[in-house]
Amino acid sequence: MAVIHDLAFQGAQMLLVLLLSPLLTGFVRKVKARLLRRQGPPLLQPYRDIIRLMRKDVVLADNASWLFRVIPYLIFAATWVAAALVPTFRSGLMFSWTADLIALIALLGSARFFLALAGMDTGTAFGGIGSSREVMIASLAEPAMLMIVFAIALIAGSTQLSTMAAFMNSPEVGLRVSLGLGLIALVIVAIAENGRIPVDNPATHLELTMVHEAMVLEYSGRHLALIELAASLKLLLYVSLIACLFAPWGISSTTSDPALLALGSAAYVAKLAAGGFLLAVFETSIAKMRVFRVPEFLGAALMLALLAALLRFVSRSF
Amino acid sequence: MVVTALEGVLALVALAPIAIALGASARASSIVYGACLLLTLALGILALLVLLGHASEPLAVTLPMGLPWLGAHFRIDVLSAFFLVVINLGGAAASLFALGYGRHEEEPQRVLPFYPAYLAGMNLVLLSADAFSFLVSWEFMSLTSWALVIAHHRDKDNLRAGFVYLLMAGFGTLTLLLAFGLLAGAGGAYDFDAMRAAHPTTGIAALVLILALLGAGSKAGLVPLHAWLPLAHPAAPSHVSALMSGVMTKVAVYGFIRIVFDLLGAPDWWWSLPVLTLGAASAVMGVLYALMQRDLKRVLAYSTIENIGIIFVALGLALAFKASAMNAAAALALTAALLHVFNHSLFKNLLFCGAGAVLAATGERDLEKLGGLIHRMPQTAFVFLIGATAISALPPLNGFVSEWLTFQAILLSPQLPSWGLKLMVPAVGALLALSAALAAACFVRAFGIAFLSRPRSDAARNARETDSNSLAAMYGLAALCFVAGILPGLVIDTFAPVTELLTGARMPVQGTIEWLSIVPIAESRSSYNGLLVFAFMAVTGAFAAFAIHRLASDKIRRGPAWGCGYPDAGPLTQYSADSFAQPIRRVFGTLIFSAREQGEMPEPGSILPARLTVRMRDPIWETLYAPIAGFVGYAGERLNVLQFLTIRRYLSLVFGALVLLLLVLAIWP
């Protein structure tokens with residue numbers, strides 16, 4: 001019985017993240033538009049876009065190989081699995097022990113690896129430019145992310161997300177310097193990983209300024225829909241991750257009490273809204289960086305995260 | 001059992017004269033490689049039986065060879081059995097690959113006799129149980145591989161590679177000789193058992209550690225002793241490159257583990273410092289060098305340096321834990337190292353075989369002349385992609401598991417008592433994370449430039465899929481990468497006797513954990529399940545594909561790629577290997593390689609091409625090797641006058657030398 005119960009929650013979580021993610025993207029776009037005094041697209045526009053793309057034919061470049069056609073499914077699967085493992089409204093998911101936080105980051109790394117390959121497949125200059133910049137950004141963002149994980153894992157004594165969330169919810173956390181440094185670094189990494197301003201601009205279609213959009217330039221139809229969906233999932237994943245680690249309020253552990261679950265879900269939606277709002281405000285208040293300023297930006301995150309981990313190694317009380 | 005193993009090795013040695021007798025006849029390579037395949041398989045199965053605890057007596061034997069009053073000791077224990085499995089598995093795969101690839105060899109009589117001898121040499125190193133036979137087998141392995149490196153000796157670069165390799169191999173053996181001399185002590189106990197029983201003083205032990213690190217490290221390719229590796233490994237025929245990179249470096253790792261973990265006794269905490277430093281430096285430098293290379297095989301050789309660095313980091317952690325009596329953590333770190341040894345031998349063999357297949361199909365190793373091979377060689381591309389994903393430490397393949405275990409070991413290290421390590425380990429962890437991310441970039445570049453995009457030369461345009469033997473070898477290795485990735489617990493369990501031997505502890509039994517997860521310490525702390533990750537990805541991916549094809553569109557049209565409005569942009573407009581590495585070169589290379597870019601634009605209106613010149617310096621070669629080579633040249637020049645003296649002066653030289661020696665004898669206490 002308990003197994004069926006857990007399975008149901010795991011399934012619910014998978015569906016929840018999949019269905020909510022375009023809404024978050026739409027919400028961020030809407031807030032950004034309102035901040036610029038524009039009307040903006042309707043909240044549900046990302047869903048319409050995805051459905052419209054699904055219905056369209058795929059136009060493949062002449063040189064596209066079988067790998068190019070497989071990659072959207074790989075990226076989508078890896079991102080969805082990763083997003084399904086972050087506790088949202090209830091921790092203690094059935095398969096949360098399948099992959100800990102390090103494995104989760106590596107799963108996102110797999111998705112990026114294949115996306116970068118897709119960018120190179122058609123043999124155009126744009127795909128190459130996107131891929132080569134993406135791996136440069138990743139080569140700094142990934143170590144920074146891992147150092148953040150180290151710092152938090154050393155505080156919580158675990159790399160298991162449900163254990164971490166439970167620990168962060170308990171009173172023994174307190175205010176710690178290393179947590180603060182980790183949070184700043186995590187926000188920087190999340191911005192870079194999701195290709196938001198100031199690292200990359202998700203709305204641009206001026207080729208020379210793009211990173212993510214340049215890699216997917218040759219995708220169309222259902223392939224593009226999957227990639228867009230994966231990108232939304234990734235944004236949702238990072239907001240959920242920050243919420244789960246630094247604002248774990250309302251994440252009930254193993255309960256199936258409907259009131260608590262409702263509370264957890266409401267808290268989760270509120271956290272998503274807050275995260276999306278802050279992201280939109282941040283993006284409208286800052287200009288995009290030149291590509292070669294990005295390493296400095298991410299290097300700062302790496303150093304902060306390293307400092308946070310180092311503090312934990314030196315003393316247990318930081 | 002050791003006798004059976006030695007008979008197998010003897011059969012390999014006997015293949016060498018047979019190969020000479022067969023000469024360049026058409027069937028020679030099939031016979032030799034076929035026999036090598038069978039013999040290495042047999043040796044591997046034998047070693048696996050020992051590792052799984054089905055050993056039968058005798059496990060040690062003394063043969064009346066070598067030094068007359070000593071004899072040659074041979075022994076097989078779980079540590080050597082583990083490495084025998086790795087080496088013979090790699091050997092079998094390379095031999096199977098060579099059954100097809102060897103036909104492209106222009107002068108097989110230069111390769112065939114040395115190949116089985118080389119395999120025999122590596123096996124002998126692992127079976128030796130005294131310093132004398134160890135060093136003789138070590139030299140035998142070095143010399144046979146040297147002969148294979150200069151198989152194509154008409155190429156000037158290969159000759160230079162052979163020269164540097166010979167020098168460095170000599171240096172490595174010298175340091176190992178000194179290390180064993182110190183271990184043997186005044187009594188001259190060359191036998192490993194006697195060395196294990198003796199307890200050297202702290203100073204001697206420290207010296208042995210440094211010498212072993214230099215000796216084994218120079219063979220394994222630790223920075224800064226790596227200079228020969230990227231020259232020699234690519235110079236050999238591809239199946240030999242696979243063996244040198246995937247397997248021989250592991251023999252060096254074995255030498256280090258045998259001396260430092262087994263013979264030297266209880267470690268001090270600071271022993272881990274040089275190991276961790278060199279390991280972390282190798283990991284990052286290796287992959288950065290790899291990113292700057294154009295030669296596909298050289299990319300792979302440099303990436304070997306990176307992986308050896310990761311192995312040594314894990315070994316350093318194991319030493320630190322062992323010194324602090326944290327045996328469970330030591331077992332975890334050692335398991336991570338051994339697992340990475342195993343994994344790296346699989347995917348590096350696979351990648352070198354893939355590079356060999358590309359070389360045979362196109363005649364090119366230069367990335368700038370490849371491209372689009374996924375259309376012409378779809379199967380090679382598929383297995384190469386598996387290898388590239390595995391080596392980039394991406395789940396659900398095997399490379400990720402060993403790196404994950406290393407990270408878990410790092411997370412245990414705050415409990416280490418010493419301050420030096422507390423400050424060092426996080427930095428090492430960051431460097432390790434950096435090298436993992438850069439490795440992914442490196443293999444996106446290698447695979448993307450060579451196999452994806454459009455062909456950059458006629459050779460790449462007209463490539464053909466490789467033969468079935470080569471493909472069988474590569475598919476076998478890829479399947480092993482996959483299985484070791486999704487069922488790592490079963491692999492880890494077979495290592496338990498080795499960690500028990502060396503650290504006195506083992507990781508928890510993994511085979512009985514439900515769903516076959518791996519759990520380093522406790523499930524609440526961390527766990528990973530490759531099988532479920534793969535199953536989830538397969539199910540969600542298939543579900544998405546099914547749903548979309550069923551409910552939405554499944555039509556496909558073809559059209560030209562978007563070139564920003566320019567029609568028919570040629571293959572030259574694509575990103576090249578150098579341009580792909582440019583952002584990383586700019587971020588990391590300006591500091592480490594002093595990379596400088598200089599652009600020359602023609603006058604407006606001129607039709608001359610614009611030029612971009614990139615200058616890079618190899619910091620280690622220029623600061624370490626070039627001065628030494630310069631000094632040797634200088635000293636040789638100065639000493640040259642001694643050749644042209646008169647007889648009177650020679651006699652006075654002899655007299656002076658005699659007086660000096662007598663003086664030394666008189667003063668010596």
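## Report on a predicted two-chain model

B:Thr173 has its place in helix α6 of chain B, which spans residues 156–184, and the model in which it is described here is a predicted one. With 18 other C-beta atoms within 10 Å, B:Thr173 is partly exposed, since a residue needs 20 or more such atoms to be buried. Residues up to four places away in sequence being left out, B:Thr173 touches B:Leu135, B:Trp138, B:Glu139 and B:Ser142. B:Ala216 stands 43 residues from B:Thr173 in sequence, while the C-alpha atoms of the two are 8.5 Å apart in space.

B:Leu49 offers another case in chain B, being found in helix α2 (residues 28–51). It has 15 C-beta neighbours inside 10 Å and therefore counts as partly exposed. When residues up to four places away in sequence are not counted, B:Leu49 touches B:His54 and B:Ala55. Between the C-alpha atoms of B:Leu49 and B:Ala189, which are 140 residues apart along the chain, the separation is 31 Å.

### Helix packing in chain B

Two packed helices are described by the angle between their axes and the distance between the axes. For helix α3 (residues 78–101) and helix α10 (residues 238–263) of chain B, the angle is about 175° and the axes are 9 Å apart. The two helices are therefore roughly antiparallel to each other, because angles over 145 degrees are counted in that way. On the α3(B) side, the residues that meet α10(B) include B:Leu79, B:Phe83, B:Val86, B:Ile87, B:Gly90 and B:Gly91, and among their counterparts in α10(B) are B:Ala242, B:Leu243, B:Gly246, B:Val247 and B:Lys250. By class, the residues of this contact between α3(B) and α10(B) divide into 14 nonpolar, five polar and three charged.

### The contact between the chains

Chain B gives 70 residues to the contact and chain A gives 74 residues. On the side of chain B that touches chain A, the elements giving two or more residues are α14 (373–376), α16 (398–411), α17 (419–450), α21 (530–551), β3 (556–559) and α22 (577–592). Of these, α17(B) gives the most, with 14 residues. The side of chain B that touches chain A has 41 nonpolar, 21 polar and eight charged residues.

Strand pairing also links the chains: strand β1 (residues 58–61) of chain A is joined to β3(B) by four bridges, and the two strands run parallel. Within this pairing, A:Leu60 has B:Arg558 in β3(B) as its bridge partner.

In chain B, β4 (residues 596–600) and β5 (residues 611–615) pair in the antiparallel sense over five bridges. There B:Arg596 has B:Arg615 in β5(B) as its bridge partner. The number of buried residues among the five of β4(B) is zero, so this strand lies largely in the open.

### The nonpolar core

In soluble globular proteins, nonpolar side chains tend to be buried together. The largest nonpolar core of this model has 374 residues, and those with the most contacts inside it are A:Ala144, A:Met147, A:Ala305 and B:Ala333. Helix α13 of chain B (residues 327–362) gives the most to this core, with 24 residues. With its neighbours within four places in sequence left aside, A:Met147 is in contact with A:Leu302, A:Ala305, A:Leu306 and A:Ala309, and also with B:Ala430 and B:Ala433 of chain B.

### Backbone details in loops

Four loop residues are listed here with their backbone angles.

| Residue | Backbone feature | Angle | Loop |
|---|---|---|---|
| A:Pro198 | cis peptide bond from A:Ile197 | omega near 10° | between α7 (177–193) and α8 (212–215) of chain A |
| B:Pro224 | cis peptide bond from B:Val223 | omega near 10° | between α8 (202–220) and α9 (229–235) of chain B |
| A:Arg37 | positive phi, not a glycine | phi of about 65° | between α1 (2–35) and α2 (45–55) of chain A |
| B:Ala393 | positive phi, not a glycine | phi near 60° | between α15 (378–391) and α16 of chain B |

The surroundings of the residues with positive phi can be added. A:Arg37 has 7 C-beta neighbours inside 10 Å and so counts as exposed, whereas B:Ala393, with 28 C-beta neighbours inside 10 Å, counts as buried.

Key. Residues numbered from 1 in each chain as written. Chains lettered and ligands numbered in written order. Predicted model: local features only at pLDDT ≥ 70, side-chain atom pairs only at ≥ 80, totals over all residues. Axes fitted to C-alpha atoms, helices over the stretch in contact; angles between N-to-C directions. Parallel < 35°, antiparallel > 145°, perpendicular 65-115°, else oblique. Contact = placed C-beta atoms within 7 Å. Nonpolar A, V, L, I, M, F, W, Y, C, P; charged D, E, K, R; others polar. Pairing = 2+ DSSP bridges. Core = buried A, V, L, I, M, F, W, Y, C linked by C-beta atoms within 7 Å. Buried ≥ 20, exposed ≤ 12 C-beta atoms within 10 Å, placed from the backbone.
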